Amino acid sequence: MPNPRLILALCALALAGCQGSNPYVASSRPLPPAPPQAASTFDASAYPAAPRDYGHYRSWSWRNGQLPPGTATADPAQLADAVSNALDQHGLRPARDTGADLLVSADLRLERRVRQVRDYDDGYGGYPYGGYPYGGVGYGGYRHGYGAYGSVPIVRTYEVEVMVVRIDLYDARDGQPVWSASAESGSSEDSARERENALRESVNKALSGYPPS
């Protein structure tokens with residue numbers, strides 16, 4: 001069995017060691033003087049970027065001086081005309097003699113989308129909704145999908161072709177991007193008029209949020 005006096009002596013030594021002076025002493029030194037050029041140098045990175053003023057953008061021209069590329073269903077002139085009309089609705093005019101405020105690029109492509117629809121089959125005699133005998137509501141007052149006449153959904157999957165337009169706006173002074181958006185609409189191959197309407201719809205959707213609030 002350990003000697004109690006020995007244990008008490010060891011504890012006393014440990015406490016005495018804890019009460020000794022701390023060898024680590026906090027100290028501070030004055031900051032070095034600022035360099036002479038600091039008084040005349042502005043550090044922009046130390047301040048948040050100023051909010052962009054979209055109000056001073058009044059004119060535009062095509063980036064790199066080139067019309068946007070077209071596709072098999074829309075030539076470059078059609079896309080350029082649709083973009084120009086949409087920009088005009090937002091107060092942006094084509095640049096004339098003076099330099100443009102904005103540089104514009106546009107891209108058009110066709111993509112495939114998978115769609116699903118649900119059809120309902122009543123399962124009782126093949127009558128469609130509204131086509132039941134005895135008044136078209138359902139014998140005994142049961143409507144489609146309720147009571148005795150249950151409905152069974154049939155999911156049909158099909159592909160559609162959509163027209164996707166992407167529009168990018170750049171500040172003409174520094175080339176920085178200021179706006180980018182894309183939108184799509186159904187692409188119909190029935191007539192040239194329908195394809196042109198789908199193109200204009202996509203362009204208007206893409207620019208619907210400009211300028212940002």
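In which sense do β4 and β5 pair, and over how many bridges? In this predicted model, the two strands pair in the antiparallel sense, with 9 bridges between them. One spot to look at is Val164, which stands opposite Glu184 in β5. The hairpin made by β4 and β5 has 5 residues between the strands, and Gly175 takes a positive phi there, near 75°.

Next comes helix α3, which runs over residues 192-206. Its 15 residues should span 21 Å at 1.5 Å a residue, and the end C-alpha atoms are indeed 21 Å apart, so the expected span and the model agree. The buried residues of this helix are Ala198, Leu199, Ser202, Val203 and Ala206. They cover an arc of only 135° around the axis, which means they sit on the same side of α3. The general rule behind such a pattern is simple: an α-helix has 3.6 residues a turn, so residues three or four places apart point the same way.

What does the largest nonpolar core look like? It has 28 residues, and those with the most contacts inside it are Val83, Ile167, Leu199 and Val203. Two or more residues each come from β1 (59-62), α2 (76-89), β3 (102-121), β4 (152-171), β5 (177-186) and α3. The most come from α2, which gives 6 residues. Val203 makes a handy place to zoom in: leaving aside residues up to four places away in sequence, Val203 touches Leu79, Ala82, Val83, Ala86, Val165 and Ile167. As a general point, nonpolar side chains tend to be buried together in soluble globular proteins.

Note on methods:
Residues numbered from 1 in each chain as written. Predicted model: local features only at pLDDT ≥ 70, side-chain atom pairs only at ≥ 80, totals over all residues. Heavy atoms only, no water. Helix = DSSP H or I, 4+ residues; strand = E, 2+ residues; numbered from the N terminus. Expected span 1.5 Å × (residues − 1). Buried < 20%, exposed > 50% of the residue type's maximum accessible area, 1.4 Å probe, protein only. Arc of directions from axis to C-beta. Core = buried A, V, L, I, M, F, W, Y, C linked by side-chain atoms within 4.5 Å. Contact = heavy atoms within 4.5 Å. Pairing = 2+ DSSP bridges.
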